[in-house]
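Dear colleague,

I am passing on to you the structure we spoke about, with the sequence alongside it. Please look it over first; my notes on what was found in it follow below.

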Amino acid sequence: RADYTSGVGRRHSIQGISHWVRGDFDEALEFFEEGLRIYQACDDKRGIASSYTNMGLVFSGKGDPNRALDYFYKALALSEDEEDAEKIARIHNNIGIIYKNRSNYDRALEHFHAAEAIFEREGNPMGMAGIYNNLAVIKERTGELDTALEYFFKSMELRVEAGEKGTIAESFNNIGDVYKGQGNYPKALEYLNRSLEIKKEIGDKHGIVTTKTGIGDVFHMQGDHAAAQDHFERALGIAEEIGAKRQEMLCHQRLSTLHESRGEFERSLAYYKSYTQMDRSLFSDDQNRQLAEIQTKYETEKKEKEAEIYRLRNVELQAAYDKNDELLRNILPGEVVEELAESPAPAPRIVDDATIVFIDIVGFTLATNESEPEMLLGELSRHFGAFDDIVKRHGLEKLKTFGDGYMYAGGLFAGTNQLNACVEAAGDILEFVTASDWDLRIGIHRGPCIAGLIKGWRMIYDVWGETVNLAARLEENG
């Protein structure tokens, strides 16, 4: 009723989060996408960033790290523009988790420490709890179990103080995993079952899969194959239901190992084939390459954005740059200007099939002795300006003017010869001049040439070769 569009977008985000917490990823994604459309319609940049973050979390849960990372970096760029410190820290944490799950611990630590610095500065205990948790996971995976346990307990204490059930359940699960790794099975089952109880209470399907898999591991290690199989199969069913591909893959791997230990080799092989197929899909070289490309894209866009901010803050410098760029494009072909931006000395090129055109205004030099300079210069400017328009219209390159002479070419950059366009442009120029008192001589020749930039006090882009010489001779004798 209040026409509060951002509030409507927020409603969709909250409803999406309620589905995400339960592991209903497809439903969550629908609400997040609708929220994004609403935020975009009212240009609510913070809302857009939140939507990108939430969509990244969905794809992370579904086992699609590349799409997750793409959305996280979009959210990070917007949050940096808005200088939203809390959100920047949370997104760094989410990105770190993606890299942690890919075992790229160096990159993960970069993002975790970036988030940690902000959470410490802002005095955010729950943010610090998340960082302790993620640092503990890395310690656990690198075999430092005692240190991992210390970090997990520090994280759990902060979460218990805040009273957030979902994060407390995660801490219980992680502590249980460490005890499992240490071979302390009673303690492992104690914490894993406490975690499972909370996750069932809040309907966290994704978390239930993770914890049931961990409990199945403990039973398998204790030799209780029936109990282990029950937990693995229940976890697999939920993972398939919610589309959690990574958890589904891990369940196939656990079931393969379990059936192998029971001597059920055909069933073990079937699960192993499913596991390896999913593993290739989720962790292929192509996926890793895409992951690196997304990181590079974000870093490149960030640098470009910083350069753009600097450029906009220096308006006078920008105006001078624009004027210089325009002058260069009037003197040199556009492609050469682009090459100059990349290299101070563009290499000369051999053009296999170019068309060269020379035009000379007959009698103009003699007229300079009998006319006012302003009149002659105005007349020459009028004609050459018209020649420029015609050459541009036909997609050709003006090379230079020399006195009352004009030179243009085709095929230098087009990749194909532009003979017809050159001849048609010459016809249009001739038609234009027919309306004045001047006559023209035009020489056209087609063939190979060398094209390149002559640098010195004044730059000029020129062409050389017999094709050029013959076109000039045709004009002189026209």
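For the aromatic residues, the rings of Phe, Tyr and Trp (the six-membered ring in the case of Trp) are taken to pair if their centres lie within 6.5 Å, and a pair is called stacked with planes under 30 degrees apart, edge-to-face over 60, and tilted for the rest. By this rule the count comes to 13 aromatic pairs. One of these joins Y272 and Y275, whose ring centres are 6.0 Å apart and whose planes are at 50° to each other, so that the pair is classed as tilted. Please bear in mind throughout that the model is a predicted one.

The two tyrosines of that pair both belong to helix α14 (residues 265-282), and because they are three residues apart there, about one helical turn separates them. Y272 has a relative accessibility of 44%, which means that Y272 counts as partly exposed. Elsewhere, F153, F172, Y179 and Y191 come together as one aromatic cluster. A member of this cluster, F172, also has a charge over its ring, since the charged end of R194 sits there at 4.2 Å from the ring centre. A similar arrangement is found at Y99, where the charged end of R107 sits over the ring, 5.9 Å from its centre.

Y275 appears again in the surroundings of H252, a residue of helix α13 (residues 245-261). Is H252 buried or exposed? With a relative accessibility of 9%, H252 counts as buried, and, leaving aside neighbours within four places in sequence, H252 is in contact with L236, E240, Y271, S274, Y275 and M278.

Turning to the interior, the largest nonpolar core has 40 residues, and Y52 and I95 are those with the most contacts inside it. Helices α2 (25-41), α3 (45-61), α4 (65-82), α5 (85-101), α6 (105-122) and α7 each supply at least two residues of this core, with α4 giving the most, namely eight residues. Apart from this core lies another, of 34 residues, which includes A188, L196, I208 and Y271. As for Y52, if residues up to four places away in sequence are not counted, Y52 touches L36, Q40, Y71, K74, A75 and L78.

Helix α7, one of the contributors to the largest core, can be checked for its length. At 1.5 Å a residue, the 17 residues of α7 (residues 125-141) should span 24 Å, and the C-alpha atoms at its ends are 25 Å apart, which agrees. The helix is mostly covered, as 13 of its 17 residues are buried. At the N-terminal end, α7 is capped by N124, which places a side-chain oxygen 3.2 Å from the backbone nitrogen of M126. Just after the helix, G143 takes a positive phi of about 90°.

Positive phi values also occur in residues other than glycine. D43, in the loop between α2 and α3, has a phi near 55°, and E83, in the loop between α4 and α5, likewise has a phi near 55°. E83 has a relative accessibility of 69% and therefore counts as exposed.

Finally, two residues of helix α1 (residues 5-21) deserve a look, and H12 is one of them. H12 has a relative accessible area of 11% and is therefore buried, and a polar atom of the H12 side chain lies 3.0 Å from the backbone oxygen of V8. Not counting residues up to four places away in sequence, H12 touches F31, E34, G35 and I38. S13 is also in helix α1, and its relative accessibility of 1% means that S13 counts as buried. Although S13 and G35 are 22 residues apart along the chain, their C-alpha atoms are separated by 5.8 Å. When neighbours within four places in sequence are left aside, the residues in contact with S13 are F32, Y39, S51 and N54.

With kind regards

Conventions. Residues are numbered from 1 along each chain as its sequence is written. This is a predicted model: local features need pLDDT of at least 70, side-chain atom pairs count only at pLDDT 80 or more; totals for chains, interfaces and linings use all residues. Side-chain values use heavy atoms; hydrogens and water are left out. Helices (H or I, at least four residues) and strands (E, at least two) are DSSP runs, numbered from the N terminus. Buried means under 20% relative accessible area, exposed over 50%, partly exposed in between (1.4 Å probe, protein chains only). A charge sits over a ring if NZ of Lys or CZ of Arg is within 6 Å of the ring centre and within 35 degrees of the ring normal. The expected span of a helix is 1.5 Å times one less than its number of residues. A polar contact is a pair of N or O atoms within 3.5 Å; within protein, one must be able to donate a hydrogen and the other to accept it, and residues adjacent in sequence count only if both atoms are side-chain atoms. A nonpolar core is a set of buried Ala, Val, Leu, Ile, Met, Phe, Trp, Tyr and Cys residues joined through side-chain atoms within 4.5 Å. Contact means heavy atoms within 4.5 Å.
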